[in-house]
Amino acid sequence: MVEQLTQGYLRAVDQALPGYVRGLYLVGSAALGAWQPGASDVDMVVMTSRPATVDDLAQLAQIHAELPRPPHLDGVYLEPALARSWPSDRRSVPFVVDGEFKTDKPCGELTPVLWLTLQRYGIPVRGPAVAELELRIDPEQLRLYNLDNLRGYWQSTAATIPSALADVAPDAAMDAGTVSWFVLGPARSHYTLAHGDIISKATAGDYLAQLFPEYADLAHRAVRWRTGEAERFTAADLAAAADSVNAVADDAWRRFASS
């Protein structure tokens with residue numbers, strides 16, 4: 001499925017914009033060997049031969065709109081100058097999220113984590129080997145990004161859960177994807193802070209279970225759901241997931257904020 005989707009995209013973009021895409025690299029779960037049908041999207045970094053014109057952007061929007069889904073083919077487009085600077089400032093560049101092509105909004109995917117994933121695990125579909133890209137990762141920037149992400153995104157989002165569940169029965173069914181997202185995502189950031197590397201959501205389940213055994217059952221259920229097993233999650237599970245977010249983030253700030 002991953003190869004079929006990326007090759008179909010390349011055929012379409014080469015026909016519409018010959019010579020525009022000079023490199024395509026898989027990142028995300030496909031690069032980490034953890035891609036799961038029905039649960040994973042296909043994430044990519046695209047290197048272009050020139051800055052995009054208005055016509056280029058219109059063509060790309062049409063191409064992405066016509067791609068088969070699911071899974072979504074998501075990623076960022078880097079013109080030559082940006083592919084030498086590897087920006088992590090979330091500037092506005094063409095990007096795709098949940099299959100929707102965007103051009104005029106800050107790109108939240110431009111982070112040190114993306115470049116670390118590309119450097120360590122990126123798979124070239126088109127273009128030179130990753131080692132030839134001369135990617136530069138600033139360890140301090142990586143540390144600060146993950147700490148800020150844990151507090152500014154994960155904890156602030158998890159803080160909305162108790163009020164949302166105030167009038168919900170503890171055994172009421174909850175969306176499995178949402179529960180799994182909260183359970184597994186923060187553990188990945190914690191791992192990067194601890195080890196300077198990237199892990200998949202599947203591996204994050206084991207990591208969370210080791211860090212906080214009280215969340216081991218929830219973590220393993222989240223991983224099983226991602227592999228296609230039937231798992232039911234409740235409001236009590238979502239509340240526990242929110243608690244796990246705070247446990248992971250607070251531990252990370254205690255251990256790594258003064259590194």
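User: Which residues are buried in H9?
Analyst: This is a predicted model. In H9, the buried residues are Ala204, Gly205, Tyr207, Leu208 and Ala209.

User: What covers the buried residues of H9?
Analyst: The cover includes helices H8, H10 and H11.

User: And H10, which residues are buried there?
Analyst: H10 runs over residues 216-226, and its buried residues are Ala216, Leu218, Ala219, Arg221, Ala222, Val223 and Arg226.

User: What do the buried residues of H10 pack against?
Analyst: They pack against H8 and H9, and also against strand S8 (233-234) and helix H11 (235-256).

User: What is the phi of glycine 228, just after H10?
Analyst: Glycine 228 has a positive phi of about 100°.

User: Back to Tyr207. How is the ring of tyrosine 207 placed against the ring of tyrosine 191?
Analyst: First, the burial: tyrosine 207 has 10% relative accessibility, so it counts as buried, the cut-off being under 20%. There are 7 aromatic pairs in the structure. In one of them, tyrosine 153 with tryptophan 154, the ring centres are 5.0 Å apart and the planes stand at 75°, so that pair is edge-to-face. In the pair you ask about, tyrosine 191 and tyrosine 207, the centres are 5.1 Å apart and the planes are at 85°, so this pair is edge-to-face too.

User: Which parts does the pair of tyrosine 191 and tyrosine 207 tie together?
Analyst: Tyrosine 191 sits in helix H8 (residues 176-195) and tyrosine 207 in helix H9 (residues 201-211), so the pair links parts that are 16 residues apart in sequence.

User: Going back to the other pair, is tryptophan 154 buried or exposed?
Analyst: Tryptophan 154 is buried, at a relative accessible area of 4%. Tyrosine 153 has 36% relative accessibility and counts as partly exposed.

User: Which residues form one aromatic cluster with Trp154?
Analyst: The cluster consists of Tyr153, Trp154, Trp181 and Phe182.

User: Changing topic to the backbone. Where are the cis peptide bonds around proline 70?
Analyst: One joins arginine 69 and proline 70, with omega about -10°. Another joins proline 70 and proline 71, with omega about 0°.

User: Where is the place of proline 70?
Analyst: Proline 70 is in the loop between helix H3 (54-66) and strand S3 (73-78). Proline 71 is likewise in the loop between H3 and S3.

User: What about positive phi outside glycine, say arginine 90?
Analyst: Arginine 90 has a positive phi near 60°. Its place is the loop between helix H4 (82-85) and strand S4 (95-97). Arginine 90 is partly exposed, with a relative accessible area of 39%.

User: And what is the phi of glutamate 134?
Analyst: Glutamate 134 is not a glycine either, and its phi is positive, about 55°. Glutamate 134 lies in the loop between strand S6 (123-126) and helix H6 (139-158).

User: Is glutamate 134 buried or exposed?
Analyst: Glutamate 134 is exposed, with a relative accessible area of 58%.

User: Next, threonine 117. Where is threonine 117 found?
Analyst: Threonine 117 is in helix H5 (residues 112-121). Threonine 117 counts as buried, at 7% relative accessibility.

User: What is threonine 117 in contact with, leaving aside neighbours within four places in sequence?
Analyst: The contacts are Val27, Gly28, Gly122 and Ile198.

User: Now the overall picture. How many helices and strands?
Analyst: The chain has 11 helices and 8 strands.

User: What is the radius of gyration, and how does it sit with a compact globule?
Analyst: The chain has 19 Å, and a compact globule of 259 residues would be near 18 Å, which agrees. The C-alpha trace spans about 55 × 40 × 30 Å along its principal axes.

User: How much of the chain counts as buried?
Analyst: Of the 259 residues, 47% count as buried. The accessible surface is about 12200 Å², and 51% of that belongs to carbon and sulfur atoms.

User: What share of the contacts joins residues at least 24 apart?
Analyst: Among contacts between residues at least 6 apart in sequence, the share is 68%.

User: Last one, charges. How far apart are the mean positions of the positive and negative charges?
Analyst: They are 4 Å apart, for 22 positive and 32 negative charges.

How values were computed. Residues numbered from 1 in each chain as written. Predicted model: local features only at pLDDT ≥ 70, side-chain atom pairs only at ≥ 80, totals over all residues. Heavy atoms only, no water. Helix = DSSP H or I, 4+ residues; strand = E, 2+ residues; numbered from the N terminus. Rg over C-alpha atoms; globule rule 2.2 N^0.38 Å. Buried < 20%, exposed > 50% of the residue type's maximum accessible area, 1.4 Å probe, protein only. Contact = heavy atoms within 4.5 Å. Areas by Shrake-Rupley, 256 points an atom, 1.4 Å probe, with all protein chains shown as cover. Lys, Arg positive; Asp, Glu negative; His and termini not counted. Charge placed at Lys NZ, Arg CZ, Asp CG, Glu CD. Phe/Tyr/Trp six-rings, centres within 6.5 Å; stacked < 30°, edge-to-face > 60°.
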